[in-house]
Amino acid sequence: MKKIISIPPNYFYLCLILGIVLRLVFPEFKIMPSPYYISGLLLIAMGIYMVIDPWYLFKKHDTPESFEPTTALVTDGIYKYSRNPMYLGGVLFLTGLSVTLNNIISLITPLIFFLFMNFMFIPYEEDELAKTFGDKYIEYRKKVRLWI
């Protein structure tokens, strides 16, 4: 069994801090002229929605959103379109932050977060869901994409 070193929010917060630090260290690497970088706020809002909505769905189905054993396979709502909307929300938020900070170097942070989620957490979670829900999860996985 694969061992998970930490939990996904820790990687998100690390990338969030890294994005801000990169902006402070490299302020001259701008993405776009003022005021267009404010468009990143839309991505931030979308990212927040894609984290909060699944959280409510988990509560509705009375299943934990953490690494505790899951009690229900959530396939409704936003889970009809993405198997990992919370992680997608994190990527959108970090991308929006980079745009809002107007710093091209900080765009590395959503990439780092994506890579950790895609290659470290998602395979573990998908294995656990397949063990727990069997064919029901396999069928869901065939119908719904991993990210978008």
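Are Tyr137 and Tyr140 buried or exposed? I looked them up in the predicted model, and both are buried.

**Entry 1, the tyrosines of α5.** I placed Tyr137 and Tyr140 in helix α5, which spans residues 135-143. Three residues separate them, about one turn of the helix.

**Entry 2, aromatic pairs.** I then went through the ring pairs and noted 10 of them in the structure. For Phe12 and Phe113 I noted an edge-to-face pair, with 5.9 Å from centre to centre and 80 degrees between the planes. This pair links distant parts of the chain, 101 residues apart: Phe12 belongs to helix α1 (residues 8-25) and Phe113 to helix α4. I checked the burial of each partner. Phe12 has a relative accessible area of 16%, so I list Phe12 as buried. Phe113 comes out at 3% relative accessibility and therefore also counts as buried. Back at Tyr137 and Tyr140, I found ring centres 6.0 Å apart and planes at 50 degrees, so I entered this pair as tilted.

**Entry 3, the cluster.** I asked which residues form one aromatic cluster with Phe12 and Phe113. They are Tyr13 and Phe93.

**Entry 4, Asn102.** I found Asn102 in the loop that runs between α3 (85-101) and α4 (108-133). Its relative accessible area is 5%, so I recorded Asn102 as buried. I then listed what Asn102 touches, leaving out residues up to four places away in sequence: Arg23, Phe29, Lys30, Ile31, Met32 and Tyr37.

Methods. Residues are numbered from 1 along each chain as its sequence is written. This is a predicted model: local features need pLDDT of at least 70, side-chain atom pairs count only at pLDDT 80 or more; totals for chains, interfaces and linings use all residues. Side-chain values use heavy atoms; hydrogens and water are left out. Helices (H or I, at least four residues) and strands (E, at least two) are DSSP runs, numbered from the N terminus. Buried means under 20% relative accessible area, exposed over 50%, partly exposed in between (1.4 Å probe, protein chains only). Contact means heavy atoms within 4.5 Å. Rings of Phe, Tyr and Trp (its six-membered ring) pair if their centres lie within 6.5 Å; planes under 30 degrees apart count as stacked, over 60 as edge-to-face and the rest as tilted.
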